[in-house]
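Visitor: I have a structure to look at and some questions to ask. Can you show it to me?

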Amino acid sequence: MGTAVPPVVLSSMPSSTLTVDRALTPTVAEIRLDHLRHNVRTLRRLASPADVMAVVKADAYGHGAARTVPVLAEEGITQFAVATVGEGAALREAGITGRILVLGAPLPGALQAYQHHALEVNVCSHAIADAVCQVASLEAPLQVQLKVDTGMSRLGLMPEDVPSVLAQLRAAAGVVVTGLWSHYATATATDDAFAAEQWTGFATVVRELPAPLPPLHIGHSGGLLMQDEAAAHFNDHPMVVRPGIALYGVPPSPTLADVADLRPAMRLVSRVTQVKTVPAGASVSYGRTWTAPHPTRLAIIGAGYADGYPRALSNTAGIGLHGTLYPVVGVVCMDMCMVNLGLPETAPAVEPGDTAVLFGDGGPSLSDVADWAGTIPYELCTRIGPRVPKVYI
Ligand SMILES: *Cc1c(COP(=O)(O)O)cnc(C)c1O
């Protein structure tokens, strides 16, 4: 439970010369690029012979795409997935030359931007297939991946429409079909009957297609960690898998926590800004939701919901101080929260400036905090507040 803070650099800086002044910035998100490298190596081994498409939407799940995606590319990842055209364009601006699939559906009028930035289109409806055929040309081709809805009821063609749309796209000049894919509706994928149904639906569509088959993918982190044989191959045709959260070292569900050696890439830390003793009967924070039952030592922490530490953690979470968890008491404010250190006589020697671990090494796990907040780790790491600098280690 080391709390020493190694040298750090500002995320937005191209060179690694500027350090964040930790005396001026209570809350920072520390990103371990060595852990990211470890995770991508682990997942590529696990996926083989399937190839890995790294899901880096939402600024690489809050880890900073500009700094993390080049690391993934160095590790041999050649395919990426983002949610929007803007995210794809930003990767191109950062110098990423690999393939980039936009998972979202193109809005009417958006296809020129796909051509301009060489982004792959999610063809998930007849209307989008028609637009693609109209806009693509031999001079300005479009790479497209057909999405089939196997039970998520989000984006996608209905299974029976896939053969005709595939034929339409293959017949159009300047349209290159680079994939056929679907998405599981459950995080743990193949351990449940519904995921098995989705796989069967996908396989049924694929079996009816004329050769050559495009690259196929359906598995996310859950599918990959379940080591679903079906998701790795379709007969002799190797598949692609699309892990997101697992790349960042977080299991998609608690049941998959021990399947692979994944190391959390993000640690969210803040600092103690004041330590004080309040008398019995003192109420803590807005709305007076917690009252000290006896004289109580409190640590005031410089992080609140504006930093991405949800208000739902009020009177619920634990924060790591000197390697021990102490409870958050009272409601979490915009910029601060309060931690109960116990009776003044027995309270630990906590001082202003001490590191407070909101999640990560020396504190609770991201999954624990998500649980306490009634949400999932995905939401917490993608909602770290914009004033929190990312520091890369
Ligand atoms: C976000 C997303 C993924 C990655 O999911 P994880 O659970 O983070 O691995 C894969 N595919 C699609 C379509 C997604 O939207």
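Visitor: How far does a polar side-chain atom of Tyr378 lie from an oxygen atom of the ligand?
Guide: This is a predicted model, where local features need pLDDT of at least 70, side-chain atom pairs count only at pLDDT 80 or more, and totals for chains, interfaces and linings use all residues. Residues are numbered from 1 along each chain as its sequence is written, and side-chain values use heavy atoms, with hydrogens and water left out. A polar contact is a pair of N or O atoms within 3.5 Å. For Tyr378 and a ligand oxygen, the distance is 2.6 Å.

Visitor: How much of the ligand's accessible area does the protein cover?
Guide: Accessible areas come from the Shrake-Rupley method with a 1.4 Å probe. On its own, the ligand has 390 Å². The protein covers 93%.

Visitor: Which side chain has an N or O atom 2.9 Å from a nitrogen atom of the ligand?
Guide: Tyr61 has a polar side-chain atom 2.6 Å from a ligand oxygen. The partner of the ligand nitrogen is Arg242.

Visitor: Which helix gives the largest nonpolar core its largest share?
Guide: Such a core joins buried (under 20% relative accessible area, 1.4 Å probe, protein chains only) Ala, Val, Leu, Ile, Met, Phe, Trp, Tyr and Cys residues through side-chain atoms within 4.5 Å. The largest one has 110 residues. Helices are DSSP runs (H or I, at least four residues), numbered from the N terminus. Six core residues come from residues 193-207, helix α8.

Definitions and conventions:
Buried < 20%, exposed > 50% of the residue type's maximum accessible area, 1.4 Å probe, protein only. Helix = DSSP H or I, 4+ residues; strand = E, 2+ residues; numbered from the N terminus. Polar contact = N/O pair within 3.5 Å; in protein donor to acceptor, adjacent residues only side chain to side chain.
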